[in-house]
Amino acid sequence: MTKYFAEWWTIMARPIYFYTILKEENWQAKPLSFLMKTAWLLAFLAALVVFIIQFVPIGSTLVAGISGYKFIIILPVLITLAAIFFLITFLLIGGLFVGGLFVAFGLAALVLHYSNLRLGGKGKLERMLQGSFYSSAAVLPFGLIFLLMILTKYGGLEFRMFGVGFNFLFFLVGLYLYGLWAIAGRKNYHLSKPRAFFGAIGPVLVLLIFVLGFDKIIFPKLKSWI
């Protein structure tokens with residue numbers, strides 16, 4: 001993981017440098033591994049939040065009124081059950097996150113590839129897949145959303161403020177992804193800066209449509225869950 005975070009920091013802090021020195025490699029190797037590590041890290045944080053928000057209150061009701069030596073006796077059982085439930089939740093969410101990020105960034109690479117070709121660029125889809133998978137570094141800050149969920153549940157943060165933080169973070173991530181995709185397109189397809197940024201608009205528009213749909217359909221349901 002040390003190497004992962006070193007690459008992540010380079011992508012986030014020095015994206016132009018990263019994509020400039022990035023050598024062509026099989027997208028099914030290191031780039032895919034990088035995307036999967038990002039997905040599993042987010043899945044771990046998500047599973048931890050689900051455990052704290054859902055399982056801990058349920059577990060508290062089961063041990064209500066039990067104290068002293070009786071609690072000590074059942075403590076190993078509680079720890080075992082908690083570990084099992086957390087592991088199951090982590091694996092389920094991890095599978096969803098890996099599949100979701102793979103499809104999302106794979107489709108982004110496909111759209112970017114044909115957009116940049118239409119703009120006069122010359123490059124390979126495999127190279128764009130490589131750059132797109134590395135751009136998944138930008139979604140790791142979404143882990144802050146899970147922290148906001150805990151603050152909303154236990155810290156007195158209003159759900160309305162949670163929505164503001166959620167939308168603001170989504171905006172920043174989308175803006176950074178736009179920049180990363182433009183840089184990758186410029187380096188891979190040898191386009192001018194204006195054409196590279198224009199070519200990256202397509203996936204960003206799809207992302208905005210997804211955010212609007214999420215905000216209207218799914219986001220209100222989070223209030224009852226949190």
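1. A good place to start in this predicted model is Phe 105. Setting aside neighbours within four places in sequence, Phe 105 touches Leu 35, Ser 132, Phe 133, Ser 135, Ser 136, Val 139, Leu 177 and Trp 181.

2. Phe 105 also appears in the largest nonpolar core, which has 61 residues. Along with Tyr 19, Val 139, Phe 142, Leu 177 and Trp 181, Phe 105 is listed there among the residues with the most contacts inside the core. At least two core residues come from each of α1 (2-13), α2 (15-21), α3 (30-62), α4, α5, α6 (143-154), α7 (159-189) and α9 (201-225). The largest share, 13 residues, is supplied by α7.

3. Now to the helix pair α4 (residues 69-118) and α5 (residues 125-134). Their axes come within 9 Å and cross at roughly 130°, and the two helices are therefore oblique to each other. The crossing is right-handed.

4. Who meets whom here? On the α4 side you will find Phe 102, Phe 105, Gly 106, Ala 108, Ala 109, Leu 110, Leu 112, His 113 and Asn 116, and on the α5 side Leu 125, Met 128, Leu 129, Ser 132 and Phe 133. By class, this contact has 10 nonpolar and 4 polar residues, with no charged ones.

5. One backbone detail deserves a look: His 190 has a positive phi of about 55°, although it is not a glycine. For context, most residues other than glycine have a negative phi. His 190 sits in the loop between α7 and α8 (193-199). Is His 190 buried or exposed? With a relative accessible area of 66%, His 190 is exposed, because the cut-off for that class is over 50%.

Note on methods
Residues numbered from 1 in each chain as written. Predicted model: local features only at pLDDT ≥ 70, side-chain atom pairs only at ≥ 80, totals over all residues. Heavy atoms only, no water. Axes fitted to C-alpha atoms, helices over the stretch in contact; angles between N-to-C directions. Helix = DSSP H or I, 4+ residues; strand = E, 2+ residues; numbered from the N terminus. Parallel < 35°, antiparallel > 145°, perpendicular 65-115°, else oblique. Left-handed = near helix turned anticlockwise from the far one by under 90°. Contact = heavy atoms within 4.5 Å. Nonpolar A, V, L, I, M, F, W, Y, C, P; charged D, E, K, R; others polar. Core = buried A, V, L, I, M, F, W, Y, C linked by side-chain atoms within 4.5 Å. Buried < 20%, exposed > 50% of the residue type's maximum accessible area, 1.4 Å probe, protein only.
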